[in-house]
Amino acid sequence: MHTSPAIRKIFEGVTSRREMHHMFNRHRGAPAVADGDAGDLFAGEWFEIAECDYEYMLDILPPLFMRGDMFALSEYMIGSVTSIFFALSIDGRTRWFHGYCDLSDRGSPDRMKAAIIDRETRPVRAMTREERLEHIWSSTHDDYRGYAGERWPAAMHRKLTVLVYCGGRGTVLKLLDDLTDDEVSAKLPVQLRHLPQPVAA
């Protein structure tokens, strides 16, 4: 049975072209990439892009497929994972998105489309803790983030890490998942710090 990776928003707001390319390569230093086993790192990730960047990507290579409101790049990121670009009508206006889908699961692009629409039609702008952590990882410079390696306990190897400022102790490397609420707030852009958590259904 095929197990689908979690569909997750990794950046809040519309990316600039520079940010878009940074998102494409945000796992560049991952040990799993070097091992050729990074499909689950990428598959399921999505973020919003500008219309001009949607058109730019459409013109780069002939699409692998194009149907209705989506097209796929013919160049794979890793294994059977490739970029899918969406032009979706949300609340009466068209918005553009990029996501990584594992095409060994033929239903993954449609599930991602449904997840994006569901996420972006919420009546109140909000961010989950997981989305805050993903945004921090996406917007942190490569020099200030990494992956837990040999000096960490074996159970933590390959988990995401970021540098945080700890007052008199200077900066320390912490697991992304272990950031306190105050550390998360400090590392988010000012305009995102006070967004509410979504209300559970």
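## Strand β4 and the residue I78

In this predicted model, I78 belongs to strand β4, which covers residues 70-78. I78 has a relative accessible area of 17% and, because the cut-off for burial is under 20%, I78 counts as buried. Between I78 and D59 there are 21 Å from C-alpha to C-alpha, while the two residues are 19 residues apart in sequence.

## An aromatic cluster involving strand β4

Strand β4 also contributes to the aromatic pairs, of which the structure holds 6. One of them is formed by Y54 and F71, whose ring centres are 5.2 Å apart and whose planes stand at 75°, an edge-to-face arrangement. This pair links distant parts of the chain, given that Y54 is in helix α4 and F71 in strand β4, 17 residues apart. Both partners are buried, Y54 with a relative accessibility of 7% and F71 with 1%.

F71 also pairs with F85: the ring centres are 5.0 Å apart and the planes meet at 15°, so this pair is stacked. Because F71 lies in strand β4 and F85 in strand β5, the pair ties together parts that are 14 residues apart in sequence. F85 is buried as well, with a relative accessible area of 0%. Through these ring pairs, Y54, F71 and F85 are linked into a cluster.

## A nonpolar patch at the surface

Helix α4, made of residues 51-60, also contains Y56. In contrast to Y54, which is buried at 7% relative accessibility, Y56 is partly exposed at 32%. Together with I60 and L61, Y56 forms a nonpolar patch on the surface, and the accessible area of these residues together is about 220 Å².

## Salt bridges and a charged network

Side chains of opposite charge can pair when their charged atoms come close. The structure holds 18 salt bridges, and a network of them links K9, E12, E48, R95, R119, E120 and E131. Within this network, E131 forms a salt bridge with R119, and the closest N and O atoms of the two are 2.7 Å apart. Because E131 lies in helix α6 (residues 129-139) and R119 in helix α5, this pair ties together parts that are 12 residues apart in sequence. Both E131 and R119 are buried.

Two further members of the network can be described by their surroundings. E12, in strand β1 (residues 8-14), is buried at 11% relative accessibility, and a polar contact of 3.1 Å joins its side chain to that of K9. Once residues up to four places away in sequence are set aside, E12 touches R119, R125, M127, H135 and L192. E120, in helix α5 (residues 108-120), is buried with a relative accessible area of 12%. With neighbours within four places in sequence left aside, E120 is in contact with K9, W46, E48, I90, D91, R95 and F97.

## Two further salt bridges

The side chains of R111 and D105 meet in a salt bridge with an N to O distance of 2.2 Å. The partners differ in their accessibility class: R111 is partly exposed at 37% relative accessibility, whereas D105 is buried with a relative accessible area of 13%.

R145 and D142 likewise meet through their side chains in a salt bridge, here with 2.9 Å from N to O. In this case R145 is the buried partner, with a relative accessible area of 10%, while D142 counts as partly exposed at 28% relative accessibility.

## Positive phi values in two loops

Most residues other than glycine have a negative phi. D91, one of the contacts of E120, has a positive phi near 50° although D91 is not a glycine. D91 is found in the loop between β5 (81-90) and β6 (93-102), and its relative accessible area of 63% makes D91 an exposed residue.

R158 also has a positive phi, of about 80°, without being a glycine. R158 is placed in the loop between β7 (145-147) and β8 (160-165), where R158 counts as partly exposed at 41% relative accessibility.

Conventions: Residues are numbered from 1 along each chain as its sequence is written. This is a predicted model: local features need pLDDT of at least 70, side-chain atom pairs count only at pLDDT 80 or more; totals for chains, interfaces and linings use all residues. Side-chain values use heavy atoms; hydrogens and water are left out. Helices (H or I, at least four residues) and strands (E, at least two) are DSSP runs, numbered from the N terminus. Buried means under 20% relative accessible area, exposed over 50%, partly exposed in between (1.4 Å probe, protein chains only). Patches are made of residues with over 30% relative accessible area and no salt bridge: like charges are joined within 9 Å, nonpolar side chains (Val, Leu, Ile, Met, Phe, Trp, Tyr) within 5 Å. Accessible areas come from the Shrake-Rupley method with a 1.4 Å probe; for residues, only the protein chains shown count as cover. A salt bridge is a side-chain nitrogen of Lys or Arg within 4 Å of a carboxyl oxygen of Asp or Glu. Contact means heavy atoms within 4.5 Å. A polar contact is a pair of N or O atoms within 3.5 Å; within protein, one must be able to donate a hydrogen and the other to accept it, and residues adjacent in sequence count only if both atoms are side-chain atoms. Rings of Phe, Tyr and Trp (its six-membered ring) pair if their centres lie within 6.5 Å; planes under 30 degrees apart count as stacked, over 60 as edge-to-face and the rest as tilted.
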